[in-house]
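This report concerns the pairing of charged side chains in one protein model. Please examine the sequence and structure shown here before reading on.

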Amino acid sequence: MTASTRVFRAPLRSRRPDVDGGAAVERALTHGLCGIGGVLASPPASLVAAAEQVAARYDERMARRLERFAAAPEGAFVWTRDAEGLFWLGRLGGGWRYDGSADAAGVDLVHVRPCTWLDAPIPDGDVPPGVHRTFARGGRNWQEIHDGAVGALTSGLWNESQRTASAGSDDAG
């Protein structure tokens, strides 16, 4: 797979019991973000500092997840599910940053990257089987989806949505 066809699962769910399960997804979709949790006592100056603080406050495994999230290539596709179980497709558009705002901390979505999300969820029957299987396993970890067909199928959905959006804007003019 090329960098542009790598596909990731982004649950956007906090491990904290006090955080509403759908709040981070809503924030991500509204603000054009993808991310993971791990609120820190003070905003880190760099990814290295963030990973060190995450390891000290949480554990090494969480620090490695942060590093994997930050290392995903720009242009990679991401899938998430909202509180209603609908699947959303996005594409990473930039590098990692720490969002120290109260709103980000409130939903535990503080380690973020820009992400362009499609305007509507993907119909369940169109979601690639590898995406369904990955989410069906459960869990709250950011992870790459390793399925031979998922890159091509996801890319096809993305390209079709872009053609449809472009045709719609042409019709409006």
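Is Glu-144 buried or exposed? The model is a predicted one. In this model, Glu-144 has a relative accessible area of 19%; because buried means under 20%, Glu-144 counts as buried.

Side chains of opposite charge can pair when their charged atoms come close. The structure contains four salt bridges, and the table sets out three pairs, including that of Glu-144.

| Pair | N to O distance |
|---|---|
| Arg-6 and Glu-144 | 2.8 Å |
| Asp-99 and Arg-27 | 3.1 Å |
| Arg-133 and Asp-147 | 2.4 Å |

The side chain of Glu-144 meets that of Arg-6 in a salt bridge. This pair joins distant parts of the chain, 138 residues apart: Arg-6 lies in the segment before strand E1 (7–9), and Glu-144 belongs to strand E7 (residues 143–144). Arg-6 is partly exposed, with a relative accessibility of 27%.

Asp-99 forms a salt bridge with Arg-27. Here too distant parts of the chain are linked, since Asp-99 sits in the loop between strand E5 (97–98) and helix H4 (102–107), while Arg-27 is in helix H1 (residues 23–31), 72 residues apart. Both Asp-99 and Arg-27 are buried.

Arg-133 and Asp-147 also meet through their side chains in a salt bridge. Arg-133 is placed in helix H5 (residues 129–136), and Asp-147 in the loop between E7 and helix H6 (150–172), 14 residues apart. Arg-133 is partly exposed at 46% relative accessible area, whereas Asp-147, at 17%, counts as buried.

Technical notes: Residues are numbered from 1 along each chain as its sequence is written. This is a predicted model: local features need pLDDT of at least 70, side-chain atom pairs count only at pLDDT 80 or more; totals for chains, interfaces and linings use all residues. Side-chain values use heavy atoms; hydrogens and water are left out. Helices (H or I, at least four residues) and strands (E, at least two) are DSSP runs, numbered from the N terminus. Buried means under 20% relative accessible area, exposed over 50%, partly exposed in between (1.4 Å probe, protein chains only).
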